[in-house]
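Work through these exercises with the sequence and the coordinates open. Try each task before you read its solution.

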Amino acid sequence: MPLFYLPNVTGHQDELPEEEALHAIKVLRLQSGDMLTITDGKGCFYQAQITSITRRSCTVNVVKTIIQPPLWTGHLHIAVAPTKNMERIEWFVEKATEIGLDELTLLNCQHSERHIVKAERINKILISAMKQSLKARLPKLNSMEDFGLFIKNEIPGKKFIAHCHEGEKVSLKDAVRQGENTTVLIGPEGDFSEEEVQAAIRQGYIPTSLGPSRLRTETAALVACHIINLKNQI
């Protein structure tokens, strides 16, 4: 059954967002009386029946609510500097959502080559990947934030910074504990500066290694996401 996204479900005479409605009408050729499945991105699926259709709108009534149990424990937050080539960071966003991610922040760092990101585009990818992977929870997308401000935020749980500088580091796969809230910082293509690393450590971030290979930004972010998700799967 097709899956659609509707963030605020009332249950009666709900109108799909225009993009979702056009997909139902123009692509899938659904008609009044047909059934479809909706998610609100907040943990629920809804089986709904189409009650009316126009050229650009689709109205539905919910007939059944299904709560999706959590698929992993803890809260996974990846904070990553966007790459110069946006297709690479968009690839990460898609794959991380498919694997399992709770929260995403894009960082503006000293060595960043991209300082502006279209949040609307990233959010569309999050929604698409959530639907494709049959999840009922949409990862939270935060506004882009300067690194120095982000590390001063009060964030519960374990906090890690992955970097390529010399020095003592813990292995992320060995340091993560099931059920813990976890935040991981991933730097830009030029890595975090030494000053940024030290500033993060002073704010309670633990230097971490993702393995012996030097990884691209988007690969490192995905590896971190996968390691933590595997630890927390139910």
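How many aromatic pairs does the structure hold? Identify the rings and classify their geometry.

**Solution 1**
- Keep in mind that this is a predicted model.
- The count is 1 aromatic pair.
- The partners are F147 and F192, with 5.2 Å from centre to centre and 45° between the planes.
- Planes under 30 degrees apart would count as stacked and planes over 60 as edge-to-face. The pair F147 and F192 is therefore tilted.
- Now place the rings. F147 is in helix α4 (residues 147–150), and F192 is in the loop between β12 and α6 (194–202). The two are 45 residues apart, and their pair links distant parts of the chain.
- Finally, check burial. F147 has a relative accessible area of 3% and is buried. F192 is buried too, at 0%.

**Exercise 2.** Decide whether C44 and C58 take part in a disulfide, and state how accessible each one is.

**Solution 2**
- The disulfide count is 0.
- Take C44 first. The nearest cysteine sulfur belongs to C58 and is 20 Å away. A disulfide needs sulfur atoms within 2.5 Å, so C44 is in none.
- Turn to C58. The nearest cysteine sulfur is that of C44, again 20 Å away, and C58 is in no disulfide.
- Now accessibility. C44 is buried, at 14% relative accessible area. C58 is buried at 0%.

**Exercise 3.** Describe the largest nonpolar core: its best-connected members and the elements that build it.

**Solution 3**
- The core has 33 residues.
- I78, V80, F92, L104, L172, V184 and I186 touch the most other members.
- Next, map the core to elements. Those supplying at least two residues each include strands β6 (76–80), β7 (103–108), β10 (158–162) and β12 (182–186). Helices α2 (86–99), α3 (119–132), α5 (172–175) and α7 (217–232) do likewise.
- The largest share is that of α7, with 7 residues.
- Zoom in on I78. Leaving out residues up to four places away in sequence, I78 touches F92, L101, E103, L104, T105, V184, A221, A224 and C225.
- A general rule fits here: in soluble globular proteins, nonpolar side chains tend to be buried together.

**Exercise 4.** Lay out the five-stranded sheet and name the helices that pack on it.

**Solution 4**
- The sheet is open, with 5 strands in the order β1-β3-β4-β5-β2 and mixed pairing.
- Find the edges. β1 (3–5) and β2 (14–15) each pair on one side only.
- Look at one pairing inside the sheet. β3 (residues 35–39) and β4 (residues 44–53) run antiparallel, joined by 5 bridges. The partner of I38 in β4 is Y46.
- Add the helices. α1 (residues 18–27) lies across β1, β4 and β5 (58–67), at about 155° to β1. α3 also packs on the sheet, touching β1 and β3, and its direction makes about 150° with that of β1.

**Exercise 5.** Is Q203 buried, partly exposed or exposed? Give its location and contacts as well.

**Solution 5**
- Q203 sits in the loop between α6 and β13 (206–209).
- Its relative accessible area is 33%. Buried means under 20% and exposed over 50%, so Q203 is partly exposed.
- With residues up to four places away in sequence left out, Q203 touches I151, K152 and K159.
- Last, take a distance. Q203 and H165 are 38 residues apart in sequence, and their C-alpha atoms are 18 Å apart.

Definitions and conventions:
Residues are numbered from 1 along each chain as its sequence is written. This is a predicted model: local features need pLDDT of at least 70, side-chain atom pairs count only at pLDDT 80 or more; totals for chains, interfaces and linings use all residues. Side-chain values use heavy atoms; hydrogens and water are left out. A nonpolar core is a set of buried Ala, Val, Leu, Ile, Met, Phe, Trp, Tyr and Cys residues joined through side-chain atoms within 4.5 Å. Buried means under 20% relative accessible area, exposed over 50%, partly exposed in between (1.4 Å probe, protein chains only). Helices (H or I, at least four residues) and strands (E, at least two) are DSSP runs, numbered from the N terminus. Contact means heavy atoms within 4.5 Å. Rings of Phe, Tyr and Trp (its six-membered ring) pair if their centres lie within 6.5 Å; planes under 30 degrees apart count as stacked, over 60 as edge-to-face and the rest as tilted. Two strands pair if DSSP finds at least two bridges between them. Axes are lines fitted to C-alpha atoms, for helices over the stretch in contact, and angles run from 0 to 180 degrees between N-to-C directions.
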